[in-house]
Amino acid sequence: MRKIIINEWQIGLLLKDGAYSRFLTAGKYWIRSNKAVKIFELTEPFNPPVELNILLSDSQLSAKFQVVEVKDNQLVLLFVNGLLKEILVAGRYCFWKSVVQYEFVYVDISKTEITEITDRSILMNKVLAPFVRVYAVESYEKAVLLVDGKFSRILESGVYCWWKNAIPILVNKVDARQLQLEITGQEILTRDKAALRLNAWAQYAVTDVEKALLQNKEFEKQLYIGLQLVLREFVAGYSFDELLEKKDSLSAFMIEKIKDQAEKLGVTVFAFGIRDIILPGDIKEIMNRVMVAEKQAQANTIMRREETASTRSLMNTAKLMEENAMLWKLKEMEYVEKIAEKISSISVNGSSALADQLKQMFVPAK
């Protein structure tokens, strides 16, 4: 015989030769050697020492249990006193009815959408995270959702959660901001057979994500090739000199030509331009010679224009001086003044006639 004490927060299962006999509530008991007592805490989940169905056949004992059965396509969220404690997978679970408040939330994981839980903090909880697929679509992105290989819907920016199950989910994302495409190293012949190398750029944005991702493969590559062909068409339609003159009209031509093809790709082209036109060595040398000749001709024209204006000014001055003796005298005085500014002193030696001439020049007549 041995003494067993069961406290208020405990319950005991009496086993005779390993088989369930009855349950024991709080109290003191003397147990014979051929019997055993398994003591369980009422605040902890119950782990049966024998087949659970045998224990449930005792109606008084079964009234103290909360039995939870989870099917293969289900999960059960176990909340203990309002807090998510554990995720119960397929199986049968038993809990004591006690001061501990248990709450069981059943969810169906045979589908992808999560409809039973709306609180994101619960979905992001570390105990539930292994059963949830999380996808983030940034504020500058758009995405298409493929469920089991089929298009489901377009996803705007946000965080999305789906159950992790056997159904495959694929989220294809695309940048919805204005993008720039570089078209570099294009070797193109003009109409007069001048070989040019062009570097160009295009600005575009994805406006129809379904067309871009579902109806076209590698839409960026297709857009690049389309722009490349239209650029070649434009350059090949003009001679080298005409191309330089009409370079500013290229953007409007390209946008108009590529518009229909871009719409099929789900994008809109906003702008196009040529960054560089690289000439072959011989053409570059010729262009440099032409430019030097043009600049020299412009310089000669300007010099002739200035000489003509200077000569005309001198002629006008001479005519006025011829008609007005006082103006002639003032001009004479102006030159004498300029000469005098550069002379510190004057020594005059000679006849009185020289002195009279200087007097007439510097002393005004009364």
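Which side chain meets that of Glu242 in a salt bridge? In this predicted model, the partner is Arg191, with an N to O distance of 2.8 Å. Glu242 belongs to helix α6 (residues 240-245), whereas Arg191 sits in the loop between β17 (179-189) and β18 (195-206), so the contact ties together parts that are 51 residues apart in sequence. Glu242 itself is partly exposed, at a relative accessible area of 27%.

A search of the whole structure finds 12 salt bridges, and the table lists three of them, including the one just described.

| Acidic residue | Basic residue | N to O distance |
|---|---|---|
| Glu242 | Arg191 | 2.8 Å |
| Glu233 | Lys257 | 3.2 Å |
| Glu51 | Arg92 | 3.8 Å |

The pair Glu51 and Arg92, whose closest N and O atoms are 3.8 Å apart, ties together parts that are 41 residues apart in sequence, because Glu51 lies in the loop between β6 (45-46) and α1 (52-56) and Arg92 in strand β10 (residues 91-96). Both residues count as partly exposed, Glu51 with a relative accessible area of 42% and Arg92 with 36%. Together with Glu69, they are linked in a network of salt bridges.

Lys257 and Glu233 meet at 3.2 Å, N to O, and this pair links helix α7 (residues 250-265) with helix α5, the two residues being 24 residues apart. Lys257 is partly exposed at 43% relative accessibility, as is Glu233 at 41%.

Helix α5 (residues 219-236) has 18 residues, which at 1.5 Å a residue should span 26 Å, and its end C-alpha atoms are indeed 26 Å apart, so the expected and modelled spans agree. Its buried residues include Phe219, Leu223, Leu227, Leu231 and Phe234.

Definitions and conventions. Residues are numbered from 1 along each chain as its sequence is written. This is a predicted model: local features need pLDDT of at least 70, side-chain atom pairs count only at pLDDT 80 or more; totals for chains, interfaces and linings use all residues. Side-chain values use heavy atoms; hydrogens and water are left out. Helices (H or I, at least four residues) and strands (E, at least two) are DSSP runs, numbered from the N terminus. The expected span of a helix is 1.5 Å times one less than its number of residues. Buried means under 20% relative accessible area, exposed over 50%, partly exposed in between (1.4 Å probe, protein chains only). A salt bridge is a side-chain nitrogen of Lys or Arg within 4 Å of a carboxyl oxygen of Asp or Glu.
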